Amino acid sequence: PNCVECRENGNFCDRCTFGYGPVLDNSKKPTGKCAPCNQQFCASCTEDLSICDACAEGFGIVYENGKSTGKCSQCPAYCESCDGDTKICETCERRYGFVLDDKGQSTGKCAPCPSNCQSCSENSKECENCEYKYSLSEDKTQCLPCNQEYCHNCNEPNKCARCYEGYGLVIRSNGEKTGQCAECPLNCRSCSEDSNICDECN
């Protein structure tokens, strides 16, 4: 029942089902029988039930001197998967991202995203998507409150920097930016810098 392939002999299994591995004799040859992988946190042991080649989620293979030990250990903190090496994370948990070194390369460790940030998978200090009613700053390091209607993003809290298409920034008569958005003039497609001045007609 734990065999998925028996090529020449119905009583001799050539490939065991996932989570099971071949039982070997004293000379390390397959006996044709399958048994559950016997390493803790092991998901797959295709060649030998005592040597793991894939671990359960949140665990990875332990390497020593560049070689697999066939054993599993927990991934680093906040890490979702570390299939290749337990010391190096491959995917961080939700709302966590990679810590980068001075050269901008991943260290294989994870850290929390900036406040009010939903995802920062490539760099823990740079947000990719902010929560609803928050907007990404130009340098991508902050999620700012952005409650203005028709606003695409704010560079200061609740002050719109860029409006949706068909809307432009409201500018006071003295040239001061209000941080609000208003609809462009009639038959105007774009008025991004000033809601009263059309840049492109329909």
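**Figure 1. Asn 187 in the loop between strands E20 and E21.** Asn 187 is found in the loop that runs between strand E20 (177-183) and strand E21 (188-190); the model shown is predicted. Phi of Asn 187 is near 65 degrees, a positive value in a residue that is not glycine. Most residues other than glycine have a negative phi. With a relative accessibility of 55%, Asn 187 counts as exposed, because the cut-off for exposed is over 50%.

**Figure 2. Lys 140 in the loop between strands E15 and E16.** Lys 140 lies in the loop between E15 and strand E16 (143-145). Its phi is positive, about 65 degrees, although Lys 140 is not a glycine. The relative accessibility of Lys 140 is 41%, so it counts as partly exposed. Partly exposed covers the range between the buried limit of 20% and the exposed limit of 50%.

**Figure 3. Ser 135 in strand E15.** Strand E15 comprises residues 134-136, and Ser 135 is part of it. Is Ser 135 buried or exposed? Its relative accessible area is 4%, so Ser 135 is buried; the cut-off for buried is under 20%.

**Figure 4. Surroundings of Ser 135.** Which backbone atom does the side chain of Ser 135 reach? The side chain of Ser 135 comes to 2.7 Å from the backbone nitrogen of Cys 154. Neighbours within four places in sequence are left aside in the following list of contacts. Ser 135 is in contact with the cysteines Cys 130, Cys 143, Cys 146 and Cys 154. The other residues in contact with Ser 135 are Gln 142, Leu 144, His 152 and Asn 153.

**Figure 5. The whole chain, for orientation of the close-ups.** The chain has 22 strands and zero helices. Its radius of gyration is 28 Å, well over the 17 Å that the globule rule gives for 202 residues, so the chain is more spread out than a compact globule. The C-alpha trace spans about 90 × 35 × 25 Å along its principal axes. Of the 202 residues, 32% count as buried, and Ser 135 is one of the buried residues. Among contacts in the chain with a separation of 6 or more, 14% are between residues 24 or more positions apart.

**Figure 6. Surface and charges of the chain.** About 13,200 Å² of the chain is exposed, and carbon and sulfur atoms supply 44% of this area. The chain carries 20 positive and 31 negative charges, and the mean positions of these two sets are 5 Å apart.

Definitions and conventions:
Residues are numbered from 1 along each chain as its sequence is written. This is a predicted model: local features need pLDDT of at least 70, side-chain atom pairs count only at pLDDT 80 or more; totals for chains, interfaces and linings use all residues. Side-chain values use heavy atoms; hydrogens and water are left out. Helices (H or I, at least four residues) and strands (E, at least two) are DSSP runs, numbered from the N terminus. The radius of gyration is taken over C-alpha atoms; the globule rule is 2.2 Å times the number of residues to the power 0.38. Buried means under 20% relative accessible area, exposed over 50%, partly exposed in between (1.4 Å probe, protein chains only). Contact means heavy atoms within 4.5 Å. Accessible areas come from the Shrake-Rupley method with a 1.4 Å probe; for residues, only the protein chains shown count as cover. Lys and Arg count as positive and Asp and Glu as negative; His and the chain ends are not counted. The place of a charge is taken as NZ of Lys, CZ of Arg, CG of Asp or CD of Glu. A polar contact is a pair of N or O atoms within 3.5 Å; within protein, one must be able to donate a hydrogen and the other to accept it, and residues adjacent in sequence count only if both atoms are side-chain atoms.
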